[in-house]
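Let's take a walk through this protein chain together, starting from a single residue and working outwards. Have the picture ready and follow along.

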Amino acid sequence: MMGTLVALLPYLLLAANTVLLLALFFGINQRIRKIGARFNTREAALEKEAARISNAMKELDSRIAIQEKEDRQLGSTEPSVGGLNSTLRGKVLKMHRLGQPADRISEVLRVPRGEVDLLVKVHAIVMRTYQGAGGSEKDAEPVKKV
């Protein structure tokens, strides 16, 4: 009896190992399925959220387009006889002091380039009168040829 048990021991151990490995593989398979199911639900939720965000962005784009159209319409109905308002003049001069070229200022502020050039030149002339009255030349803003 002992001899047959010793002879069968390797086969019994092999069978026990096989059963153990099968149990581990089935356990791993179940975990992978659960993880896959969670992944699929989260992916669906993310796709839904991405679609919602995309729709919100499209809506905002359309609102921006409407606002820009209204701004252009308001800008075209305003008389240009008065020229630039003081806020816009301040912005033009500030951008000029920061070294922005006239083309860029004109593009960003939606002002004709000729008005930007004229404003910068007039400002330089006005500043020369103050500089000649007692200001130093270091305080003077250099006149850029545009």
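Start at Val92 in this predicted model. If you set aside its neighbours within four places in sequence, Val92 is in contact with Ile105, Leu109, Val116 and Leu119. These residues belong to a bigger group: the largest nonpolar core has 9 residues, and alongside Val92, Ile105, Leu109, Val116 and Leu119 it includes Leu93, Met95, Ala102 and Val111. Which elements give two or more residues to this core? They are helix 2 (86-97), helix 3 (102-109) and helix 4 (113-132).

Now look at how two of these helices meet. Helix 2 and helix 4 pack with their axes 10 Å apart, at an angle of about 75°. Angles of 65 to 115 degrees count as roughly perpendicular, and helix 2 and helix 4 are therefore roughly perpendicular to each other. On the helix 2 side, the contact is made by Arg89, Val92, Leu93 and His96, while helix 4 brings Val116, Leu119, Val120 and His123. You can sort the residues of this contact into 5 nonpolar, 2 polar and 1 charged.

Next, find Ser106, which sits in helix 3. Is Ser106 buried or exposed? Residues under 20% relative accessible area count as buried, so Ser106, at 15% relative accessibility, is buried. Its side chain reaches the backbone oxygen of Val111 at 2.4 Å. Leaving aside neighbours within four places in sequence, Ser106 is in contact with Val111, Pro112, Arg113 and Val116. You have met two of these partners already, since Val111 and Val116 are both members of the largest nonpolar core.

For a contrast, travel back along the chain to Arg72, whose place is in helix 1 (residues 2-77). Anything over 50% relative accessible area counts as exposed, so Arg72, at 53% relative accessibility, is exposed. Arg72 and Arg110 are 38 residues apart along the chain, and their C-alpha atoms are separated by 9.8 Å.

Finally, step back and take in the whole chain. How many helices and strands does the chain have? There are 4 helices and 0 strands, and from the N terminus on, the elements run α-α-α-α. Of the 146 residues of the chain, 11% count as buried. Among the contacts in the chain with a separation of 6 or more, 44% come from residues 24 or more positions apart.

Technical notes: Residues numbered from 1 in each chain as written. Predicted model: local features only at pLDDT ≥ 70, side-chain atom pairs only at ≥ 80, totals over all residues. Heavy atoms only, no water. Core = buried A, V, L, I, M, F, W, Y, C linked by side-chain atoms within 4.5 Å. Buried < 20%, exposed > 50% of the residue type's maximum accessible area, 1.4 Å probe, protein only. Contact = heavy atoms within 4.5 Å. Axes fitted to C-alpha atoms, helices over the stretch in contact; angles between N-to-C directions. Parallel < 35°, antiparallel > 145°, perpendicular 65-115°, else oblique. Nonpolar A, V, L, I, M, F, W, Y, C, P; charged D, E, K, R; others polar. Polar contact = N/O pair within 3.5 Å; in protein donor to acceptor, adjacent residues only side chain to side chain.
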